[in-house]
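Biologist: I'm new to reading protein models, so could we go through this one together? I'll ask, and you walk me through the reasoning.

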Amino acid sequence: MRRLCETAGLGLVRHTSSVIAATSGAVAIGDLSVAAGVSSTHLAQRFKELIGVTPKRLARSYRFAATVLSINPAGPIDWADLAAGAGYFDQAPFGHEFRAFTGLTPTRYVEIRRRFLREPPGNVLDSWPLRPIDFLQERQLTTR
């Protein structure tokens with residue numbers, strides 16, 4: 001415990017990551033570094049060193065997860081509203097981010113989710129909103 005307390009930047013990373021988590025990633029990283037009184041470069045270096053990703057990457061992950069969990073595949077989806085609610089300025093960056101995380105377009109992702117909804121209860125994906133792309137691709141190949 002003594003060594004952990006001595007780790008340079010640990011308190012900074014803990015506090016900043018808790019703010020990122022509390023806001024579901026909808027926070028400007030520049031604002032966090034200003035509030036902490038450090039440069040954005042210093043903040044990014046401490047994050048990379050201690051947890052392996054930058055604060056921006058962590059925020060993107062939280063924001064994407066919150067967005068995916070807010071999608072109701074059983075109903076109609078207003079993509080512009082969803083993108084705006086997730087903090088994207090328009091649909092194009094949202095689509096790029098979606099593909100970066102899943103390998104799928106948002107529309108294709110929902111098509112696959114809807115197909116799983118039609119399958120019998122007890123499906124392994126019933127309680128798992130985020131799926132590895134390898135499983136999805138394997139599933140697509142076996143259902144064609």
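**Phe94 and its surroundings**

Modeller: Sure. Let's start with Phe94, which lies in helix H7. Keep in mind that this is a predicted model.

Biologist: Is Phe94 buried or exposed?

Modeller: The relative accessibility of Phe94 is 3%. The cut-off for buried is under 20%. Phe94 therefore counts as buried.

Biologist: Which residues does Phe94 touch, if we skip those up to four places away in sequence?

Modeller: One partner is Pro106, and Phe94 and Pro106 are 12 residues apart in sequence but 8.7 Å apart in space, C-alpha to C-alpha. With residues up to four places away left out, the full list for Phe94 is Thr67, Trp79, Leu82, Ala83, Tyr88 and Pro106.

Biologist: Tyr88 is on that list. What joins the side chains of Tyr88 and Glu97, and at what distance?

Modeller: Tyr88 sits in the loop between H6 and H7, and with a relative accessible area of 8% it is buried. Leaving aside neighbours within four places in sequence, Tyr88 is in contact with Arg63, Ala83, Pro93, Phe94 and Glu97. The link between the side chains of Tyr88 and Glu97 is a polar contact of 3.4 Å.

**Cores and helices**

Biologist: Which helix gives the largest share of the largest nonpolar core?

Modeller: That core has 15 residues, and Ile71, Trp79, Phe94, Phe98 and Tyr109 touch the most other members. Helix H5 (55-70), helix H6 (79-85), helix H7 (91-102) and helix H8 (106-118) each supply at least two residues of this core. The largest share, four residues, comes from H8.

Biologist: And how many residues are in the other core that lies apart from it?

Modeller: Val13, Ile29, Leu32 and Leu58 are among its members. The count for that other core is nine residues.

Biologist: How are H5 and H7 set relative to each other?

Modeller: Their axes come within 11 Å and cross at roughly 95°. Angles of 65 to 115 degrees count as roughly perpendicular. So H5 and H7 are roughly perpendicular to each other.

Biologist: What kinds of residues make up the contact of H5 with H7?

Modeller: On the H5 side you'll find residues including Arg57, Ser61 and Phe64, and on the H7 side residues including Phe94, Glu97 and Phe98. Sorted by type, the contact has six nonpolar, three polar and four charged residues.

**Two serines**

Biologist: What is the phi of Ser24?

Modeller: Ser24 is in the loop between helix H2 (10-22) and helix H3 (29-36). Most residues other than glycine have a negative phi. Ser24 is not a glycine, yet its phi is positive, about 55°.

Biologist: Where does the side chain of Ser33 reach?

Modeller: Ser33 is found in helix H3, and at 5% relative accessibility it counts as buried. Beyond its neighbours within four places in sequence, Ser33 is in contact with Val38, Ser39, Ser40 and Leu43. Its side chain reaches, at 2.9 Å, the backbone oxygen of Gly30.

**The whole chain**

Biologist: How many helices and strands does the chain have?

Modeller: From the N terminus on, the elements run α-α-α-α-α-α-α-α-α. The tally is nine helices and zero strands.

Biologist: What share of the contacts between residues at least 6 apart in sequence joins residues at least 24 apart?

Modeller: As background, the chain has 144 residues, and 31% of them count as buried. Among those contacts, the share joining residues at least 24 apart is 57%.

Methods. Residues numbered from 1 in each chain as written. Predicted model: local features only at pLDDT ≥ 70, side-chain atom pairs only at ≥ 80, totals over all residues. Heavy atoms only, no water. Core = buried A, V, L, I, M, F, W, Y, C linked by side-chain atoms within 4.5 Å. Buried < 20%, exposed > 50% of the residue type's maximum accessible area, 1.4 Å probe, protein only. Axes fitted to C-alpha atoms, helices over the stretch in contact; angles between N-to-C directions. Parallel < 35°, antiparallel > 145°, perpendicular 65-115°, else oblique. Contact = heavy atoms within 4.5 Å. Nonpolar A, V, L, I, M, F, W, Y, C, P; charged D, E, K, R; others polar. Polar contact = N/O pair within 3.5 Å; in protein donor to acceptor, adjacent residues only side chain to side chain.
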